[in-house]
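The following report describes one protein model, moving from its overall make-up to selected residues and charged pairs. Please read it alongside the sequence and the structure shown here.

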Amino acid sequence: MSRFPAEDIRNFSIIAHVDHGKSTLADRLLELTGTIDKTKNNKQVLDKLQVERERGITVKAQTASLVYSFEGKQYLLNLIDTPGHVDFSYEVSRSLSACQGVLLVVDANEISAKLGTNVESVLQAVIERIPPPKVNRKNPLRALVFDSTFDQYRGVVANVALFDGVVSKGDKIMSAHTQKTYEVNEVGVLNPSEQSTQKLYAGQVGYLIAGMKDVTEAQVGDTLYLQSHPVEPLPGFKSAKPMVFAGVYPVDQSEYNNLKSAIEKLTLNDSSVTVHRDSSLALGAGWRLGFLGLLHMEVFNQRLEQEYNTSVILTTPTVPYKAVLSSAKLIKEYKEKEITIINPTQFPDKSKVTEYLEPVVMGTIITPDEYTGKIMALCQARRAVQKNMIFIDQNRVMLKYLFPLNEIVVDFYDSLKSLSSGYASFDYEDAGYQTAELVKMDILLNGNAVDELVTVVHKEKAYSVGKTICEGLKDSLPRQLFEIAIQAAIGSKIIARETVKAYRKNVLAKCYGGDITRKMKLLKRQTEGKKKLRKIGNIEVPKDAFIKVLKTRSNK
């Protein structure tokens, strides 16, 4: 590694929209520099996760070091392939911290990554136009951890970018975050698989293994330095801001510890997920996780199942609401005037609040023009406000809408795809908060509220959402010996009701003929018995009933 002085190093990442061929370009660059052999099978070489191969998208930013000869000189190029989807923007922002320039992929006819046309000139432009890293190898070591994964045999593998100094195998290093000391067991570069080297120098990007056995060590954004030379830590990363929250519970409580360790290992690899412990009467102990978007949530769930072999229950996703408190006493209690609510059960009453705020996003829909009418109707039904409409060419339209986030969080994407035969694409970005008339809706079973089904809805939509949940519960609750009233309530006002009929024994079977008063007496006694049962009978809601209800809500 000492053959490459800082001025012969270029650190860059590839950035583009979804499906613009970033990973294909990365494949060609790897082939061109001889990092991998040219074969027909080189597709998404850097996308190592099963979920990435199945969906054809990049989820994790991946690093590869390439050596390229240009004008009689050998250059070390560190390439980082990034995800294109807005849900993984945190991956992109972290990758950029290790780069001095980016390769922006746009629609252009002169270059084709698929066919390999003109890719060589891209590499030459990288060398000519991207500046070398400004570093000093004589200073003491300063390395930024910009990504990390957990290996069950070797512990934490940290991806590092060196800003100053040198790190060698056997060095004693310290973490600025945990203040613990480690001995470096292995350092090396990724090309794209791990290749160990004796040393890494400032300006280079590589990996480092130092016997960190606990997943809380090697946090992304941490600075590593030599134990003998403490340094000022590098500025870390701004933590990601979750847009969607969902409860995650083990299907069986005996699996709790396995799921806990799976979530810890996966959040080390994907540090944009926020984790809070949570528990519910019906589903037991679990977590409330915050994600950057819906695709992020789906991918996280899929990775839990595929990589760690766990099965989980995901509750309906919710969004973070805000409430502006009205009384000084409450402001003192919460220590702030504006509170954020991520769990619907903690939604404050209208009497305590001057206004509620809900998150909004700016959504962009690109669609063939024959679907425009249907899509506009769908957006209006979701309380969206049209901001712009542009014809891109003769048959494609770009629509821009301001959406309340809770309207798109469950099933908007699926509805859009089915309306447009799969042609319309949808992307959104955060657009702050707006005031909204929100209400908290409880679901009651024989007068008792069920915590897991509490939802926050817009006043206009309360009736239809309440009716949907009640109908879903009616179909999935087992019948009892007494009747069950399923009600949706806002405060003390009932807005929807369904009834699960009771099982009934035929008490008149033994009466053949005889006086009507005798029959009436038997029926009256049965009715009283049912009434008593209904008072003392406790309704156990089976787990699969919850899962069914949560699913039917997302299908509506």
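## A surface patch and its setting

K521 is found in helix 12, which spans residues 516-536, where helices (H or I, at least four residues) and strands (E, at least two) are DSSP runs numbered from the N terminus. This is a predicted model, in which local features need pLDDT of at least 70 and side-chain atom pairs count only at pLDDT 80 or more, while totals for chains, interfaces and linings use all residues. Residues are numbered from 1 along each chain as its sequence is written, and side-chain values use heavy atoms, with hydrogens and water left out.

K521 has a relative accessible area of 55% and is therefore exposed; the term exposed stands for over 50% relative accessible area, buried for under 20%, and partly exposed for what lies in between (1.4 Å probe, protein chains only). Together with K505, K510, R518 and R525, K521 belongs to a patch of positive charge on the surface. Such patches are made of residues with over 30% relative accessible area and no salt bridge, like charges being joined within 9 Å and nonpolar side chains (Val, Leu, Ile, Met, Phe, Trp, Tyr) within 5 Å. Lys and Arg count as positive and Asp and Glu as negative, whereas His and the chain ends are not counted; the place of a charge is taken as NZ of Lys, CZ of Arg, CG of Asp or CD of Glu. The accessible areas come from the Shrake-Rupley method with a 1.4 Å probe, and for residues only the protein chains shown count as cover.

## Overall make-up

The protein has 13 helices and 29 strands. Its C-alpha atoms fill a box of roughly 115 × 60 × 55 Å, taken along the principal axes, and buried residues make up 50% of the 556 residues. As one illustration of separation within the model, V122 and V457 are 335 residues apart in sequence and 51 Å apart in space, C-alpha to C-alpha. V122 sits in helix 4 (residues 119-129) and is buried, its relative accessible area being 11%.

## Positive phi angles in loops

Most residues other than glycine have a negative phi. E71, however, has a phi near 50°, a positive value in a residue other than glycine, and K335, likewise not a glycine, has a positive phi of about 65°. E71 lies in the loop between strand 2 (62-70) and strand 3 (73-81), and its relative accessible area of 69% makes E71 exposed. K335 is placed in the loop between helix 7 (328-334) and strand 20 (338-341), and at 74% relative accessibility K335 also counts as exposed.

## A buried histidine

H296, in helix 6 (residues 294-308), has a relative accessible area of 1% and is therefore buried. The side chain of H296 makes a polar contact with the side chain of D270 at 2.8 Å, and it also reaches the backbone nitrogen of L292 at 2.9 Å. A polar contact is a pair of N or O atoms within 3.5 Å; within protein, one must be able to donate a hydrogen and the other to accept it, and residues adjacent in sequence count only if both atoms are side-chain atoms.

## Salt bridges

Side chains of opposite charge can pair when their charged atoms come close. With a salt bridge taken as a side-chain nitrogen of Lys or Arg within 4 Å of a carboxyl oxygen of Asp or Glu, the count comes to 19. Among them are the following pairs.

| Salt bridge | Closest N and O atoms |
|---|---|
| D8 and K73 | 3.4 Å |
| K459 and E437 | 3.6 Å |
| E483 and R497 | 4.0 Å |

The pair of D8 and K73 links distant parts of the chain, with D8 in the segment before strand 1 (9-15) and K73 in strand 3, 65 residues apart. D8 is buried, with a relative accessible area of 7%, whereas K73 is partly exposed at 37%.

K459 lies in the loop between strand 27 (455-458) and helix 11 (462-476), and E437 in the loop between strand 24 (425-436) and strand 25 (438-445), so this pair ties together parts that are 22 residues apart in sequence. Both K459 and E437 are exposed.

For the pair of E483 and R497, E483 is in the loop between helix 11 and strand 28 (484-490) and R497 in strand 29 (residues 493-500), 14 residues apart. E483 counts as partly exposed at 28% relative accessibility, and R497 is partly exposed with a relative accessible area of 42%. Elsewhere, D151, R154, E186 and E194 are linked in a network of salt bridges.
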